[in-house]
Each structure stands twice: as C-alpha cells, then as structure tokens.
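Biologist: I am new to this protein and would value a guided discussion. Could we proceed by question and answer once the structure is shown?

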Amino acid sequence: MTTNKATNSTIICVVGARPNFMKIAPIMGALHALDSASPINAFLVHTGQHYDTDMNHRFFEQLRIPKPNVDLEVGSSSHAVQTALIMQRFEPVVDEVQPAAVLVVGDVNSTIACGLVAVKKGVPVIHVEAGLRSGDRTMPEEINRILTDQLSDLLFTTERRARENLLREGVAETRIHFAGNVMIDTLLGHLPMAVDPHSLFRQISGARLFRDLTRYGLLTLHRPSNVDFVETLKRLLTTIREISETLPIVFPIHPRTQRRIRETGFGTYLDTPRILTLPPQGYLEMLGLMKNAAVVLTDSGGIQEETTALGVPCLTLRENTERPITIEQGTNTVVGTDPARIQAVFTDVMTTGGKAGRVPEYWDGYAAERIARTLSEWLG
Ligand code: UD1
C-alpha cells in the first residue's frame with residue numbers, strides 16, 4: 001500500500017470522546033487562522049463515541065468548536081463493535097470528501113478506527129499527541145497509541161521523550177515533530193473564563209459544607225482498571241472516604257463509574273456530607289474546580305497534564321503513566337491504588353504543599369499554531 005502525497009487542501013479532523021474536544025478546538029482555530037495564501041479547509045467529523053450533553057455538547061459550546069460536518073453517531077458498545085462501527089461509517093465520508101489527510105488526536109477508539117480507515121485508502125494520517133507510552137498493554141489506550149503511531153505519516157509530540165519512544169518503534173525521524181501540548185493551548189485560553197467553584201457549590205442544595213470551604217480535594221475516576229474491578233473500586237472508595245475526613249472531596253462522576261457504583265452498592269462509601277458527588281462537569285466548571293483544588297486525585301491522562309500546567313498537586317491513581325514529564329517536571333506523583341501509599345503521599349502534600357513543579361517546554365499556548373504551520377508547509 002502506498003501513501004499518496006496530499007492533492008488538495010481539505011483535512012478531515014476527527015473527534016469522538018470527551019478528551020478529544022479540548023485537543024481539536026485549538027487545532028480547528030489555528031487551521032482557520034492560517035494565511036489565505038496557504039489555506040487549509042478543516043472538515044470536522046464527530047464519531048459520536050461520546051454523545052451525552054454532559055460528555056459532549058457542553059464542550060462544543062464552551063470551547064466554541066464548530067458544529068461537526070458529519071456525526072457518525074456510533075454511541076457506546078464493546079471495543080470491537082464500537083471500533084468496527086466507526087470504521088464502517090467513516091469510510092464513505094473519506095470517499096466523499098477525498099481529503100488530503102486525516103488528522104486524529106489522542107488515544108481513544110475513534111483515533112485508531114479513523115486512522116486505520118484512512119491509511120488503507122492511501123490517505124495520509126496525522127497524529128496529534130503521538131509517542132506517549134505507559135508500557136501497560138492492558139490499557140486499551142496503549143494499544144490505540146502504538147497502532148495509530150505506526151500508521152501515521154506525520155506525528156506531533158507533546159514532550160521530547162515521545163520521540164525516543166517512536167524511534168525505538170521504527171518510526172522515521174522525519175515524520176516526528178515536537179509541537180507542544182494543544183490541550184494546554186485550550187487551558188491557557190480558557191483560564192479567565194473558568195467557573196468559580198463556589199458559585200457552582202452555591203447552586204447545589206447538598207453542598208452546604210462546601211460553600212464556605214477554602215480547601216477541598218478533587219477526584220475523578222473512570223479507568224476500567226480502577227472501576228471495573230470490584231475490589232479495586234472498593235479499596236479506592238474506602239481510601240477516599242478516609243481522606244475526606246481530612247479534606248472534603250468533590251467527585252464529578254463519569255457515567256461508567258456511576259454505573260459501577262450503582263451495580264456494586266458502593267454508593268454508601270460516598271454517603272457523607274464531606275464528599276460532594278456531581279454529574280460530569282463542563283470544561284469551564286472542571287477548570288475552575290482543578291485550579292482551586294488543594295490536591296487532585298485522578299486516573300485521567302489529561303488531568304495529569306492540566307494540573308502540571310496549573311501547578312496543582314496531582315496524585316495519579318494508577319500504577320504507571322504515559323505522561324512521564326508530569327512526574328519529572330510537573331506536580332504529578334503516581335500513587336497506584338494501595339491505600340497506604342495514597343495516604344502517605346496525600347499527607348505529604350497536605351503538610352508540604354507537594355512538588356513545586358514547572359511547566360514543560362512548549363506547553364505555552366502555541367502548540368496548535370506550530371501544528372498548523374507545519375501542515376501548511378507539508379501540504380505545500
Ligand atoms: C473513553 C476512552 C478513554 C477516555 C474516556 C474519557 C477509549 C478506549 N476510551 O473511555 O480513553 O479517557 O473516554 O471519558 O476510547 N457513556 C455515557 N454517555 C456518553 C458516553 C459514554 O453514558 O456520552 C457511558 C456508556 O455507558 C459507556 C461508558 O460510559 O458504555 C463508557 O464509555 P466509552 O466511550 O466506551 O469509554 P470511556 O470509559 O468513556
């Protein structure tokens with residue numbers, strides 16, 4: 001199979017799930033802002049992997065992402081069915097649009113599914129956030145990362161270590177471009193609009209304790225490895241309950257986690273006025289909650305980076321991370337799911353304020369501009 005050089009200036013940009021939205025928003029903006037002498041027409045395809053107002057529509061509104069040109073409306077199902085459905089519905093779009101390239105972001109099922117369709121049709125694939133590796137092949141995202149990078153023609157990285165990972169896997173050096181972190185473009189651009197958490201707490205009847213609080217912790221949990229195993233989920237929720245005795249916890253709950261908590265009856269661990277459970281929050285609400293938190297406990301990849309950019313201590317409730325720069329330079333500590341380890345690092349953060357951290361290179365608000373410039377030259 002050959003990869004044809006681009007022949008026109010339309011790039012299909014793909015989004016599917018919540019963590020894609022903050023990555024695609026600045027890219028769409030930067031492509032749109034390109035010089036009229038070298039225009040790129042961005043054609044937005046939404047796979048519909050996430051579809052709820054809380055997980056989807058609110059992000060389009062808050063981040064002012066243009067309405068997708070096409071919505072594949074695939075919804076939730078097993079990995080195989082979801083990936084297959086995306087591929088089946090994406091193929092005719094590629095046939096119709098005949099793009100110069102397909103641009104995918106991150107590591108969700110939509111990323112690999114659309115990349116695979118494109119490469120098999122001889123359409124170049126551009127991967128933004130390439131080269132991140134956790135080394136943990138039980139993570140569905142790790143498989144998506146490795147495969148997407150293998151089939152991509154242009155790979156944009158967020159940190160220098162990613163290049164080493166790609167070279168080790170045989171990716172040609174000329175394809176790799178260190179552009180920085182587009183998610184941080186979105187964060188920096190929206191900080192002034194972040195919702196004050198206290199205005200959020202005032203609207204919630206069960207949040208009386210939180211209205212006058214100066215310090216709270218923020219929790220997010222959604223990794224299958226944490227929420228799909230009864231013992232792990234129980235251990236984590238028990239630990240959070242204990243931590244909440246020291247520091248009240250705000251917990252916006254992902255739909256997958258909500259379902260597991262309902263099925264297991266573990267809601268009792270959260271049944272205290274010192275834990276505030278919320279539905280999934282919008283981008284600006286979450287930004288305000290993160291920025292003002294004393295500490296963030298999470299298993300999200302994106303939040304590890306966002307807390308590093310904000311200088312807020314982060315405890316990652318996983319055994320590994322694909323974002324080592326947040327450990328080496330940022331405010332992140334990988335604590336796993338062992339209660340003693342979580343408690344020890346939490347206590348340290350409460351007493352010392354946690355790691356000082358610094359903002360990594362090129363997490364400066366201009367990553368999407370660098371990507372757009374490179375694409376414009378590449379399309380030539
Ligand atoms: C997906 C991504 C993960 C990302 C996460 C962010 C993959 C393999 N995983 O995981 O990398 O960190 O998104 O949220 O692509 N659901 C709803 N409404 C929605 C979407 C999902 O209720 O709008 C529920 C459904 O019950 C679904 C479950 O959440 O079965 C999980 O959704 P799914 O997209 O399969 O995976 P996530 O866990 O969200």
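Biologist: Which residues does Leu-375 touch, not counting residues up to four places away in sequence?

Modeller: This is a predicted model, in which local features need pLDDT of at least 70 and side-chain atom pairs count only at pLDDT 80 or more, while totals for chains, interfaces and linings use all residues. Residues are numbered from 1 along each chain as its sequence is written, and side-chain values use heavy atoms, with hydrogens and water left out. With contact taken as heavy atoms within 4.5 Å, and residues up to four places away in sequence not counted, Leu-375 touches Ile-11, Leu-31, Ile-40, Leu-103, Ile-126, Leu-154 and Phe-156.

Biologist: How many residues does the largest nonpolar core have?

Modeller: A nonpolar core is a set of buried Ala, Val, Leu, Ile, Met, Phe, Trp, Tyr and Cys residues joined through side-chain atoms within 4.5 Å. Buried means under 20% relative accessible area, exposed over 50% and partly exposed in between, with a 1.4 Å probe and protein chains only. Leu-375 is among the residues with the most contacts inside the largest core, as are Ile-11 and Leu-103. The number of residues in this core is 61.

Biologist: Which helix gives the most to this core?

Modeller: Helices are DSSP runs of H or I with at least four residues, strands are runs of E with at least two, and both are numbered from the N terminus. Eight residues of the core come from one helix, spanning residues 18-32. That helix is α1.

Biologist: Where does this core lie with respect to domain 1 and domain 2?

Modeller: The domain bounds come from an automatic or database domain assignment, which divides the protein chain into domain 1 (10-180 + 363-379) and domain 2 (192-352). Because domain 1 and domain 2 both give residues to this core, its place is between them.

Biologist: What area is buried between domain 1 and domain 2?

Modeller: The C-alpha centres of domain 1 and domain 2 lie 28 Å apart. Their contact takes 21 residues from domain 1 and 21 residues from domain 2. Buried area is the accessible area (1.4 Å probe) that two parts lose on being put together, summed over both. Carbon and sulfur atoms give 54% of the area buried here, which is about 1900 Å².

Biologist: How many salt bridges does the rule find across the interface of domain 1 and domain 2?

Modeller: A salt bridge is a side-chain nitrogen of Lys or Arg within 4 Å of a carboxyl oxygen of Asp or Glu. The structure holds 24 salt bridges. Across the interface of domain 1 and domain 2, the count is five.

Biologist: Why does the pair of Arg-145 and Glu-322 tie together parts that are far apart in sequence, and how many residues apart are they?

Modeller: The closest N and O atoms of this salt bridge are 3.5 Å apart. Arg-145 counts as buried at 2% relative accessibility, and Glu-322 counts as buried at 1%. Because Arg-145 lies in helix α5 and Glu-322 in the loop between β12 (314-316) and α15 (325-328), the pair ties together parts whose separation in sequence is 177 residues.

Biologist: Is Arg-323, which meets Glu-322 in a salt bridge, buried or exposed?

Modeller: The side chains of Glu-322 and Arg-323 meet at 2.5 Å, N to O. Arg-323 has a relative accessible area of 3% and is therefore buried.

Biologist: What separates Arg-373 and Glu-369 in helix α17?

Modeller: These two residues form a salt bridge, with the closest N and O atoms 4.0 Å apart. Arg-373 is partly exposed, with a relative accessible area of 47%, and Glu-369 is partly exposed at 41%. Being four residues apart in helix α17, they are separated by about one helical turn.

Biologist: Which residues is Ala-372 in contact with, leaving aside its neighbours within four places in sequence?

Modeller: Ala-372 lies in helix α17 (residues 367-379) and is buried, with a relative accessible area of 2%. The C-alpha atoms of Ala-372 and Pro-26, 346 residues apart along the chain, are separated by 9.9 Å. Leaving aside neighbours within four places in sequence, the residues in contact with Ala-372 are Ala-30, Leu-31 and Leu-34.
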